[in-house]
Amino acid sequence: MELAACKIGLLGAGNMAAAIVRGLIAAERVPARNLRLVDVRPEPVAALAKELGVGAAADGYELAAWADVLILAIKPQVFDVALPPLAKVLGEKTLVVSIAAGVSTAAIESLLPKGTRVARVMPNTPAMVRASASGIAGGRHATGDDLTLTEQLFAPLGVVARVDERLMDAVTALSGSGPAYVLTVIEALSDGGVNAGLPRDVATSLAVQTVLGTAQLVQQSKEHPAKLREAVTSPGGTTIAGLKALEQHAVRHAFIEAVAAAAARSVELGKALQARLQERR
């Protein structure tokens with residue numbers, strides 16, 4: 001099915017769901033009339049309906065019965081409660097796309113009718129400005145066309161990378177949680193500038209542009225970050241002095257450990273759901 005003709009329902013209307021809707025409409029990939037949302041809180045759905053002209057489903061049952069693509073934009077802790085009731089009305093041809101951290105396609109499949117096609121996506125919050133980094137993986141019944149459609153859904157929001165599902169916890173830890181790490185870097189650089197005498201607004205502006213510009217340099221040059229770093233690191237200069245301080249405080253190690261810790265937490269979230277499912281069997 002062509003993306004433009006798909007009826008896309010979003011179960012949940014939080015920040016990521018709103019970013020998906022805005023990105024699809026801004027890129028003119030899906031007309032507003034083909035988008036519907038539902039949430040336990042009516043306010044964000046009403047706000048998006050007023051802003052963008054998208055539809056508001058009465059409840060999850062109506063949404064699941066209507067959608068060609070059902071995007072699960074709810075917390076992983078409620079999957080085992082929210083999904084089984086929808087299984088009764090879910091269409092045989094409906095593609096289910098989850099953006100929840102830690103929840104495997106196998107776990108989702110176990111909560112839905114046998115043979116349901118499931119794709120798993122981990123976008124990140126820069127989707128709000130159409131600069132997301134999303135990893136996608138398919139479940140046991142998902143076809144190549146399903147993954148292509150999923151890529152088309154998230155491409156308007158930024159970069160999309162197709163990976164093996166066993167790597168989705170790593171994607172979650174790196175790009176899913178990564179914006180928080182980068183924001184910490186920006187905040188710290190700004191604090192450093194203030195400490196060195198710069199006004200706060202100037203320090204923050206310079207820190208933001210430095211991170212943005214450096215990211216664009218890596219992206220456009222295709223060079224390894226280490227090579228680009230060497231180009232700005234003169235012998236006996238200011239940069240090597242700063243890099244030495246970073247090494248003394250094990251900043252590189254801290255980032256590696258942050259990704260490892262986030263990946264481990266993603267695994268824990270998945271195991272917690274699996275444990276609840278086992279208890280019910």
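**Exercise 1. Find the contacts of Gly53 beyond its sequence neighbours, and place the residue in the fold.**

Solution. Step 1: leaving out residues up to four places away in sequence, Gly53 touches Ala32 and Leu48. A contact means heavy atoms within 4.5 Å. The model is predicted: local features need pLDDT of at least 70, side-chain atom pairs count only at pLDDT 80 or more, and totals for chains, interfaces and linings use all residues. Residues are numbered from 1 along each chain as its sequence is written, and side-chain values use heavy atoms, with hydrogens and water left out.

Step 2: Gly53 sits in the loop between α2 (42–52) and β3 (55–56). Helices (H or I, at least four residues) and strands (E, at least two) are DSSP runs, numbered from the N terminus.

Step 3: Gly53 counts as partly exposed because its relative accessibility is 46%. Buried means under 20% relative accessible area, exposed over 50%, and partly exposed in between, with a 1.4 Å probe and protein chains only.

Step 4: Ile25 is 28 residues from Gly53 along the chain, and their C-alpha atoms are separated by 10.0 Å.

**Exercise 2. Locate Lys222 and Ala250, and state the sign of phi for Lys222 and for Ala250.**

Solution. Step 1: Lys222 belongs to the loop between α9 (200–221) and α10 (225–231). Its phi is near 65°, a positive value in a residue other than glycine. Lys222 counts as exposed because its relative accessibility is 70%.

Step 2: Ala250 lies in the loop between α11 (238–248) and α12 (251–280). Ala250 is not a glycine, yet its phi is positive, about 55°. With a relative accessible area of 34%, Ala250 is partly exposed.

**Exercise 3. Describe the surroundings of Phe255 in helix α12.**

Solution. Step 1: the relative accessibility of Phe255 is 35%, so the residue counts as partly exposed.

Step 2: not counting residues up to four places away in sequence, Phe255 touches Tyr181 and Val185.

Step 3: Phe255 and Gln77 are 178 residues apart in sequence, with 27 Å between their C-alpha atoms.

**Exercise 4. Give the volume of the second largest pocket and name the helices that each supply at least two residues of its lining.**

Solution. Step 1: the second largest pocket holds about 820 Å³ of space. Its lining has 32 residues, and the closest to the pocket centre are Gly14, Ala73, Ile74, Lys75 and Pro76. On a 1 Å grid over the protein atoms alone, a pocket is an open set of points where a 1.4 Å probe fits, with protein on both sides within 12 Å along at least five of seven lines; lining residues have an atom within 4 Å of a point. A volume is the space filled by probe spheres set on the points, which are joined across faces, edges and corners.

Step 2: α1 (15–26), α4 (79–86) and α7 (168–176) each supply at least two lining residues. The largest share, three residues, comes from α1.

**Exercise 5. Summarise the whole protein by its secondary structure, burial and contacts.**

Solution. Step 1: the secondary structure comes to twelve helices and eight strands. The C-alpha atoms fill a box of roughly 70 × 40 × 35 Å along the principal axes.

Step 2: of the 281 residues, 40% count as buried.

Step 3: among contacts between residues at least 6 apart in sequence, 66% join residues at least 24 apart.
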